[in-house]
Each structure stands twice: as C-alpha cells, then as structure tokens.
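Welcome! Take a moment to look over the chain, and then let us walk through it together, one place after another.

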Amino acid sequence: MMSSLDLPDRSLAVVIIEATVCLAMTIISITGNTLVCLAVYKNPKLRSTTNLYIIALAASDLLCATVEMPLASAVLITGRWDFGDALCQIQGFVDVFVTYTTPATMGLTAFNRYTRIVKTHNYNKIFSPRRSKIWLSCVWLSLAFYLLIGRVTNLNRFEFIPGYAVCSVSFASRERKFAHYFYVFGLFSVLPFFIACISYYKVFRKLRQHNRQVGPSLALEDTNNPRTGRISVQEINISRTLSYVAAGFLFCWIPLWSFACWKRSSPETAPRVVELFVSLMLFLSASINPFIYTATSGVFRGEFCKLLCWWKVARIAPVKRKANNEVEQQQDEANV
C-alpha cells in the first residue's frame, strides 16, 4: 500500500526524464547564481544600488537551488521522501519563502527602475544603499516571521506533497488556508505583480519620450548624477536587462500560479503532471536569470567569461603587465 511519503508508480523512462531535468536545473542554478554573486563581488562597476536587488534575486534562487532542488531530485530518483520530518519542515519553509520573496523582490526592483528613470530627483532619497537594504530586509523578514509564527503556533505546518515532490505548506482548516493565501498571495505576489507592470510601463514610456527628445546625445550623459534631466545609456541598458528578467519571471510564474491555484482549489482534478509542473517551473525560474544577464549585459558577460576561463586570464595577465610596464618605461624615457 502506498503511503503519503511515496510518489505514484512511474515507468523507468519517466523516472529518468524527471530526475535528469531536475538535476540539470539544480546544477545550472547553483553555477549560474554563484557566478552572478562572484561577478558583483569582483567588479566594482557592478556594485550599484540596483544590483543589490539582482544579488537578492540570486540569493533567493541559490536558497532554492541548494535546499529545495537537490532534495526534490533525490525524491524523483528514489520515488519517496526518506529524509525525516525535520528536513521536511526546513524544505517546506524554503519552498514557501522562495515562492513569495522572489515576486516581492521583483516588484521592489521594478519600483527602483521607475524611481530612477521617471522620478529621478527622488531616487537617492528613496533608494540610497542603506534604504535599499532596509526595504529588502523588511520584505524578507516580514515573510520569514509570518511563516515561523504560523509554524510555532501550529496554524500551519509543512508536509510532503507527493505531486509536488517537495514539502510545502498545509493548513489546519479551510479558514486558515483562505487567510494565508489572502495575506501572502495578495501582499507578496499580486501587489508586486501590479507594481512591476505599472513601473515598467511608465519606464519604457519615459524612455521612448527621452529617445525622441535627446537622441544621439545620450552617449555624453553623466551616469553617476541622478539630478541631470537626461538618462544615461547605462541606465537604459540596466532597465532593459531587468525588464527581460521580469519577462522571464512572468513566463515561469504565471503557469506556476495558475496550476498551483488549480491544485489547491480542486486537487482531485489536477493530474500529477500538473502538480510536478508547478515545482519544475519554480526551479526553472531559479535557473534562467544568469542566462538573461549574459545575453543582455556586456559587463556581466565579461565577468562571467573571466570567472569561467580563469586560466586564460591568468596567462594573459603577465603579458598585459609587461606591456604596460614597457609603455610606462618609454614614457619615462621620453620625459627625461
């Protein structure tokens, strides 16, 4: 008899496909998001206030990739949950935490771009480095405390859900379930979604107006002075990159939310493939951002190449230093 910790019977081909896909996304997510963090750490040009939100997204994705995804891969291989209740509580907390901090952080990022491009004069007041950290801390800690309080008071707990192949939240009553989704889904998903849509709409409307009025003089702008009336090429490129990140987010999360609502509202009609699809779309969302940065940002692309091809950089560096020393020596001789 199948227990609540067992997955449904699957053919060998299905087991191989599901486990391979999950393992591949785990490796890609860990590698890609680690590269993002290292790139920002090593390159001072990437240590901007906006990139603080990129680091927050990478940290959220890494949390999913290091805690949730490896356990899900093991479950898809073995066909059951064999890791005990304590680890289930940890994975369940991470599952819900990542599910809602990611869209909330995405909404903050969109509002950052709106303030930087449209409300330029208020940018340093609202999004100074210190206040940006406060915004992120408030969002992350409020959700973490809510989940911890709910768990300690037994208003909700985390249990293994075979369809998802992960541990996730469960509720003591239907009323508690409704209250949870009304608060968490509304505040951390729906509200950020509308903020992001409105913010990026106004950002690109402003950019279109700016391009018509300024045109070629964009290249001469001061990228470090938010008090100027014009917008730098660097800020335009950052906004475009983050808009692609938002598009990738919507590509993954609209199906995720749709199927999750189907599963929660009518579990008896949701086939297993739909349930597993919810988890896989969450994992995909945690894997694609580094590819977007690589495709749209030359600075990130250059840092990724340096990190991945470190032996070439180490071989070229002495040659460059020697060439620079020769140039300096020639300049000194000419001055003499």
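Leu-191 sits in helix 6, and this is a good place to begin in what is a predicted model. How buried or exposed is Leu-191? Its relative accessibility is 42%, so Leu-191 counts as partly exposed, because that category lies between the 20% limit for buried residues and the 50% limit for exposed ones. Leu-191 also has company: together with Phe-111, Tyr-183, Leu-187 and Ile-195, Leu-191 makes a nonpolar patch on the surface, with an area of about 380 Å². Which helix gives the most to this patch? The answer is helix 6, which spans residues 174–214 and supplies four residues.

Now step back and take in the whole chain. Its secondary structure comes to ten helices and two strands. If you read along the sequence, you will meet them in the order α-α-α-α-α-β-β-α-α-α-α-α. The chain has 336 residues, and buried ones make up 46% of them. About 17,700 Å² of the chain is exposed, with carbon and sulfur atoms supplying 66% of that area. Contacts also reach across the sequence: among those with a separation of 6 or more, 74% are between residues 24 or more positions apart.

The cysteines come next. How many disulfides does the structure hold? There is one, and it is formed by Cys-88 and Cys-167, whose sulfur atoms are 2.1 Å apart. This pair links distant parts of the chain, with the two positions 79 residues apart: Cys-88 belongs to helix 3 (residues 84–117), while Cys-167 belongs to strand 2 (residues 166–171). The angle about the S-S bond is -120°, and the link is left-handed. Both Cys-88 and Cys-167 are buried.

Why does Cys-22 not form a bond with Cys-64? The sulfur of Cys-64 is the closest cysteine sulfur to that of Cys-22, but the two are 9.0 Å apart, which is too far for a bond; a disulfide needs sulfur atoms within 2.5 Å. Cys-22 has a relative accessibility of 0%, so this residue counts as buried. Cys-138 offers a contrast in setting, since its relative accessible area of 46% makes it partly exposed.

Let us turn to Ser-132, which you can find in helix 5, running over residues 129–152. With a relative accessible area of 0%, Ser-132 is buried. What is Ser-132 in contact with, leaving aside its neighbours within four places in sequence? The list is Thr-49, Leu-52, Tyr-53 and Phe-127.

Our last stop is Glu-303, placed in helix 9, which covers residues 298–308. Is this glutamate buried or exposed? Glu-303 has 7% relative accessibility and therefore counts as buried, because the limit for that category is under 20%. Setting aside the neighbours within four places in sequence, Glu-303 is in contact with Ala-39, Lys-42, Asn-43 and Leu-46. One of these, Asn-43, has a further tie to Glu-303: their side chains make a polar contact at 3.0 Å.

Methods:
Residues numbered from 1 in each chain as written. Predicted model: local features only at pLDDT ≥ 70, side-chain atom pairs only at ≥ 80, totals over all residues. Heavy atoms only, no water. Buried < 20%, exposed > 50% of the residue type's maximum accessible area, 1.4 Å probe, protein only. Polar contact = N/O pair within 3.5 Å; in protein donor to acceptor, adjacent residues only side chain to side chain. Contact = heavy atoms within 4.5 Å. Patch = residues over 30% accessible without salt bridge, like charges linked within 9 Å, V, L, I, M, F, W, Y side chains within 5 Å. Areas by Shrake-Rupley, 256 points an atom, 1.4 Å probe, with all protein chains shown as cover. Salt bridge = Lys/Arg side-chain N within 4 Å of Asp/Glu carboxyl O.
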